[in-house]
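Me: Hi! I'd like to talk through a structure with you, starting with what sits inside. Here it comes.

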Amino acid sequence: MIYLLRHGLDDESRIGGYSDVSLTEEGIISVEKTRNFVENNIEFQEIISSDVKRAKDTSEIINKNLNKPIIYTKLLREQNKGDYNGLLKSSLNPNDYFLGNTKIYDTYPNGESLIDLYFRIEKLLLIIDRWDSDLLVTHRGVINMIYYLLNDKKPDMYKDSFDVTHASVHKLDLKNKKIERIY
């Protein structure tokens, strides 16, 4: 079985994507609570984590008592926001198109569009299908795309469609094409 864990809360005054921002104190606390759930309810062999700092920090907190191998990979990264990665939202013009008015086909300068992320994750599922008994630490965009793909839904700009909150855990059953939130 594969489990997906969204990283803890990070500095949301910055644009996420590939940015290397740290978890907030609240984010650390929520991941520690999730760690208790993971330790008591999930069996897995290793942690495969996005190589972005907030996911790496989450992986290390989860692994504190488990001592599982951790593999960091760019395959589990969030949507690439290109030139916007890590920028303070307040430093941008409030009318900047990429602060929230984008459509699924709009590509961030030197980044990717939401539909690019969708197709990237579609390819990733072919790789994940070969993994066994792992905990994947990743991002809301990645987990949302898996929900869209397994439910045969076209992606949209509504980020909260599948209740992928910070430090939430989702069970992925690719053989039966099911994904569900379990924590």
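Me: How many residues are in the largest nonpolar core, and which have the most contacts inside it?
Reply: In this predicted model, the largest nonpolar core has 27 residues. Those with the most contacts inside it are Ile-121, Ile-128, Ile-146, Leu-172 and Ile-179.

Me: Which elements give two or more residues to this core?
Reply: Strand 1 (2-6), helix 3 and helix 4 do.

Me: Nice. What is Leu-172 in contact with, leaving aside its neighbours within four places in sequence?
Reply: Leu-172 is in contact with Met-1, Ile-2, Leu-4, Ile-128, Ile-146, Leu-150, Lys-178 and Ile-179. There is also a second, separate core of 16 residues, which includes Ile-42, Ile-47, Leu-135 and Val-169.

Me: OK, pockets now. What volume does the largest pocket have?
Reply: About 680 Å³. Its lining has 35 residues, and Gly-16, Glu-78, Lys-81, Arg-140 and Lys-159 are the closest to the centre.

Me: Which element supplies the largest share of that lining?
Reply: Helix 4 (140-150), with five residues. Helix 3 (114-128) supplies at least two.

Me: And how does the lining of the largest pocket divide into nonpolar, polar and charged?
Reply: You get eleven nonpolar, ten polar and 14 charged residues.

Me: What about the second largest pocket, which residues line it?
Reply: That pocket has a volume of about 200 Å³. Among the residues lining the second largest pocket are Met-1, Ile-2, Ile-128, Trp-131 and Leu-172. By class, its lining has six nonpolar, one polar and four charged residues.

How values were computed: Residues are numbered from 1 along each chain as its sequence is written. This is a predicted model: local features need pLDDT of at least 70, side-chain atom pairs count only at pLDDT 80 or more; totals for chains, interfaces and linings use all residues. Side-chain values use heavy atoms; hydrogens and water are left out. On a 1 Å grid over the protein atoms alone, a cavity is a set of points where a 1.4 Å probe fits but cannot get out, and a pocket is an open set with protein on both sides within 12 Å along at least five of seven lines; lining residues have an atom within 4 Å of a point. Grid points are joined across faces, edges and corners, and a volume is the space filled by probe spheres set on the points. Helices (H or I, at least four residues) and strands (E, at least two) are DSSP runs, numbered from the N terminus. Ala, Val, Leu, Ile, Met, Phe, Trp, Tyr, Cys and Pro count as nonpolar, Asp, Glu, Lys and Arg as charged, and the others, Gly among them, as polar. A nonpolar core is a set of buried Ala, Val, Leu, Ile, Met, Phe, Trp, Tyr and Cys residues joined through side-chain atoms within 4.5 Å. Buried means under 20% relative accessible area, exposed over 50%, partly exposed in between (1.4 Å probe, protein chains only). Contact means heavy atoms within 4.5 Å.
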